[in-house]
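Hi,

Here is the structure I said I'd pass on to you. Have a look at it first, then read my notes underneath.

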Amino acid sequence: IRRAVATLLAGAGVSVLIGYVLGIVFSYVELGDVAAAFTSPTLLDLGIAIFAGSIAGFAKLRRDLVASVAGTAIATSLMPPLCVVGLELARGHGSLAGAALLLFVTNVLGITLACMAMYFIGGYANFERARMGLLGTLVLVLLLAIPLAANFLRLVEQTQVERAVRTTL
């Protein structure tokens with residue numbers, strides 16, 4: 001577990017560094033709506049991460065399925081937020097970088113929790129041995145749900161305002 005966490009942190013650090021360097025080199029380029037999508041994570045993002053983790057866990061349990069598809073899906077949910085962290089840091093936008101980092105953590109914890117649950121359901125983990133890790137990850141996900149719920153409520157409110165403005169116009 002220590003080696004996996006160290007590898008994850010090292011990979012995340014390199015990804016942020018690459019994003020930072022690219023952000024400096026291409027500082028004249030507007031990031032636009034694509035980057036903005038990674039700076040306001042909500043409960044929907046957590047749900048997507050859990051779903052992706054479930055698929056990845058299921059693919060690992062079934063030898064007849066191609067595990068590389070699940071790996072690709074996970075990589076595409078982890079890399080973009082890390083790149084946006086680096087890009088936003090290069091632009092001096094610490095709060096946006098933090099929000100993108102929150103999305104990365106959301107994806108990591110959601111995927112981890114779902115994979116752990118799938119391994120437990122598939123009979124590959126003894127509940128007594130896995131209980132503390134599973135419960136610890138669940139607690140972290142629940143704590144993470146607090147800012148995600150706040151962002152979700154802000155998004156709902158913003159959508160209602162936009163809808164009212166469109167109706168009025």
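**What turned up**

Let's begin with a cysteine: Cys83 counts as partly exposed because its relative accessibility is 27% (buried means under 20% relative accessible area, exposed over 50%, and partly exposed in between, using a 1.4 Å probe and protein chains only). Cys115, at 13%, is buried. A search of the whole structure gives zero disulfides, a disulfide being a pair of cysteine sulfur atoms within 2.5 Å.

Before you go further, some ground rules. This is a predicted model, where local features need pLDDT of at least 70 and side-chain atom pairs count only at pLDDT 80 or more, while totals for chains, interfaces and linings use all residues. Residues are numbered from 1 along each chain as its sequence is written, and side-chain values use heavy atoms, with hydrogens and water left out.

Next, the inside. The largest nonpolar core (buried Ala, Val, Leu, Ile, Met, Phe, Trp, Tyr and Cys residues joined through side-chain atoms within 4.5 Å) has 16 residues, and Ile74, Leu78, Leu82, Val85, Phe104 and Ile111 touch the most other members. H1, H3, H4 and H5 each supply at least two residues of this core, with H5 giving the most, six. Helices here are DSSP runs of H or I with at least four residues, numbered from the N terminus. Leaving aside residues up to four places away in sequence, Leu82 touches Ala12, Ser15, Val16 and Phe104 (contact means heavy atoms within 4.5 Å). There's also a second, separate core of seven residues, including Leu46, Leu109, Leu144 and Leu148.

Now the open spaces. A pocket is an open set of points on a 1 Å grid over the protein atoms alone, where a 1.4 Å probe fits, with protein on both sides within 12 Å along at least five of seven lines; lining residues have an atom within 4 Å of a point. The largest one holds about 1,100 Å³ of space, a volume being the space filled by probe spheres set on the points. Its lining has 39 residues, and Ala4, Val5, Leu8, Val108 and Thr112 are the closest to its centre. H5 turns up again here, giving the most to that lining with 11 residues.

What lines the second largest pocket? Ser40, Thr42, Asn151, Arg154, Leu155 and Gln158 do, around a space of about 180 Å³.

Over to you!
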